[in-house]
Amino acid sequence: MADAFVDVFGGVAPAPAPPELEREPAASRGRSLGWVSDRIAGLVEGGTPRWWWWAFVPALGVTAAGGGLAVYLMSTGVGVWGVMVPVAWAWDITNFVFWIGIGHAGTLISAILFLLRQEWRTPIHRVAEAMTLFAVICAAVFPLIHMGRLWLAWWLLPLPNANGIWPQFQSPLMWDVFAVSTYFVVSLLFWYVGLIPDLATLRDRAATRGRRILYGLGALGWTGSARHWRHYAATYLLLAGLSTPLVLSVHSVVSFDFAVSQVPGWHTTLFPPYFVAGAVFSGLGMVLTLVIPLRAVCGLEEVVGVGHIERMCKLTLAACLMVAYAQGAELCAAWYGGSEYDLYAFKNRAFGPYAWAYWTMVGCALVAPQLFWFKRVRTRMAAVFMVSILINVGMWLERFVIIVTPLHRDYLPANWAYFQPTWVDVGQAVGACGLFLTLFLLFLRFLPMIAIAEIKALTPHARPSPMNPAHGGQP
Amino acid sequence: MITPDDPSRQPDTARRGHPSAPRQSPFHPATPASYGLLAQFDSAADTLRAAAMVRDAGYRHWDVHTPFPVRGMDAAMGLAPSRVGWWAAAGGALGFALGMWMVWWMNAHDYPIVVGGKPLFSPIPALPVAFELSILLAALGALGGMLWLNRMPRLHHPLFNSDRFKLATHDGFFLVIETADPAFAGDAARQLLRRAGSRHIEEVTD
């Protein structure tokens, strides 16, 4: 080992090729480095598969219908939704919190697990980051159309206007504008920086001039230079380190929209960590929902193995237990806090007119994921997929329960009401799913869904250091 | 589909009409100038050893090109740690100051409105905005720093004139010594690269 150290770092290398070069270049699962780029870039370079069109055309249609409903909403008024006084926030804000929460698991996988050196994240992080971006786009739609007058949305920004007034920064809604827009920009940067070497791979493989120019522009002239990799790796690490406090702040700020108000059932200091845990949980459910069909359809079982899915399941289970704990703590605080309004809000949640939503949420989001305790479930893709769907449904209902049940019966019984969604509410929720799917399918078709350079960097080939057992040293 | 290692490719025909082909102009001589020597290696381990040899031979204008970051390459090339972190730190500090200043200026100075009997400016409600702006500008600073230090984006690089260099983003390992290096003298660089174990050495023109 000492000799190898001197060879590499002392510069007195022997002339003949060192012994490890006699071996076949090892890569993941015994595949060569070239296989990695051929396999992943091939998905983007080959013809459009039939399943893609079968998914894309309906998704685009649903998106267009959702856009049409937004036009209907703005031309008629927000009364086309079921919202009224006292339930002025309903499906729209539920969808906002649901989608923004979905994004959080993407950042968890791409940034936090990167900082923790969890290498199993590598095959799924690109998909998870794309999911984050598209989920934030879907989320941003709802507060905007919820205003009813979309053309005044720019009043949210600190821009000078004819009235000479500025946004009021004591409102959590303004914090939300900054948190969500920062989250989108930083997630986009993180995703794009990760893509640069892979875009260079696609540029160098391009069969047509158009592809070479387009991918070449995206790759910014990347040459794989070691001097560049040095700054690149530092930037990637910094962006991961910046995304980690950012992701915690974003859902904390979203929860301030509720917690800073005085509505019983909203006004609690538990909300920021509770919302972050819920966001990560629902997002992990969505990652499973996306990755399981994807690996089957694209034939990526070798890259995204059962082991990856199993670890995801364990992480999901851990997040589920945190959410369950937070829900229990919330009930305990209401019982112990001594405020009769708070206590009533929780009694009403579990046994009032929305009990159906509450108990469905408990079943889908808190009970069903307990199946992940069993390895037999975690290693069966169909079972994991079913549970992930239940998690999505349950976590959507969780936000609905949190938002609507405190509002519909607050301090004055004379103001109590029961919210029911209209067909426009339902259509817009489905439209957001269509928008998400449309963007996601476009991503799958035109960009590498797995980080090619990072997968290569995980092979023993990438660590020719004396510390690597593959090269004769001690781990 | 043409893959970089397709043996049927003819380098000269493939390069004709290439967007990165050197343009003819009065300022560029018709005979292309030499950019440097491009040496291919078989593995990351081999490249690492070669880099240590080139470093110790005293070259300064040279580089290694690999499909992924090779662990230990910075030390083997004698590179100092990246200074991108300072760019991010500067962006973060600027963002925080900007956020605090903006909230104070807008709500307490330019158009003061008392809301709920609260003070016109307090750092506490300004904190979320200042925090988000410090993250935002730190991230933009990190990206801007990387692009500046790497001199990116660029539309052309002399190495793109080499067809074999396309493997640098696939499974090829390359070391380049530039002609501009003061220590670059005739055959010595080529011999050094050969001695380092390169199986293919070619001259790249600009």
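**A walk through chains A and B**

Buried residues account for 48% of the 206 residues in chain B. Keep in mind as you look around that this is a predicted model. Chain B is built from six helices and four strands, and if you follow its sequence you meet them in the order α-β-α-β-α-α-α-β-α-β. Take the contacts in chain B between residues at least 6 apart in sequence: 80% of them join residues at least 24 apart. On the outside, chain B exposes about 10,100 Å², with carbon and sulfur atoms supplying 60% of that area.

Now let us turn to the backbone of chain B, in the loop between helix H5 (123-149) and strand S3 (173-178), where Pro153(B) is found. The peptide bond that joins Met152(B) to Pro153(B) is cis, with omega about -5°. Arg151(B) lies in the loop between H5 and S3 as well, and this residue has a positive phi of about 55° although it is not a glycine. Such spots deserve a look because most residues other than glycine have a negative phi, and most peptide bonds are trans.

Chain A offers examples of both features. Its Val85(A) to Pro86(A) peptide bond is cis, with omega near 10°, and Pro86(A) sits in the loop that runs between helix H3 (50-76) and helix H4 (91-115). Further along, Leu220(A) has a positive phi of about 60° without being a glycine. You will find Leu220(A) in the loop between helix H7 (209-219) and helix H8 (226-259) of chain A. Is Leu220(A) buried or exposed? Its relative accessible area is 14%, under the 20% cut-off, so Leu220(A) counts as buried.

Next, a pair of helices in chain A. Two packed helices are described by the angle between their axes and the distance between the axes. For helix H11 (residues 340-351) and helix H12 (residues 355-367) of chain A, the angle is about 80° and the axes are 5 Å apart. That angle falls between 65 and 115 degrees, so H11(A) is roughly perpendicular to H12(A). From H11(A), Arg349(A), Ala350(A) and Phe351(A) meet Ala355(A), Tyr358(A) and Trp359(A) of H12(A). Sorted by class, this contact of H11(A) with H12(A) has five nonpolar residues, one charged and no polar.

Finally, a word on cysteines. How many disulfides does a search of the whole structure find? It finds zero over all chains. Two cysteines to look up in chain A are Cys298(A), which is buried with a relative accessible area of 10%, and Cys364(A), which is buried at 11%.

Key: Residues numbered from 1 in each chain as written. Chains lettered and ligands numbered in written order. Predicted model: local features only at pLDDT ≥ 70, side-chain atom pairs only at ≥ 80, totals over all residues. Heavy atoms only, no water. Disulfide = S-S within 2.5 Å. Buried < 20%, exposed > 50% of the residue type's maximum accessible area, 1.4 Å probe, protein only. Axes fitted to C-alpha atoms, helices over the stretch in contact; angles between N-to-C directions. Helix = DSSP H or I, 4+ residues; strand = E, 2+ residues; numbered from the N terminus. Parallel < 35°, antiparallel > 145°, perpendicular 65-115°, else oblique. Contact = heavy atoms within 4.5 Å. Nonpolar A, V, L, I, M, F, W, Y, C, P; charged D, E, K, R; others polar. Areas by Shrake-Rupley, 256 points an atom, 1.4 Å probe, with all protein chains shown as cover.
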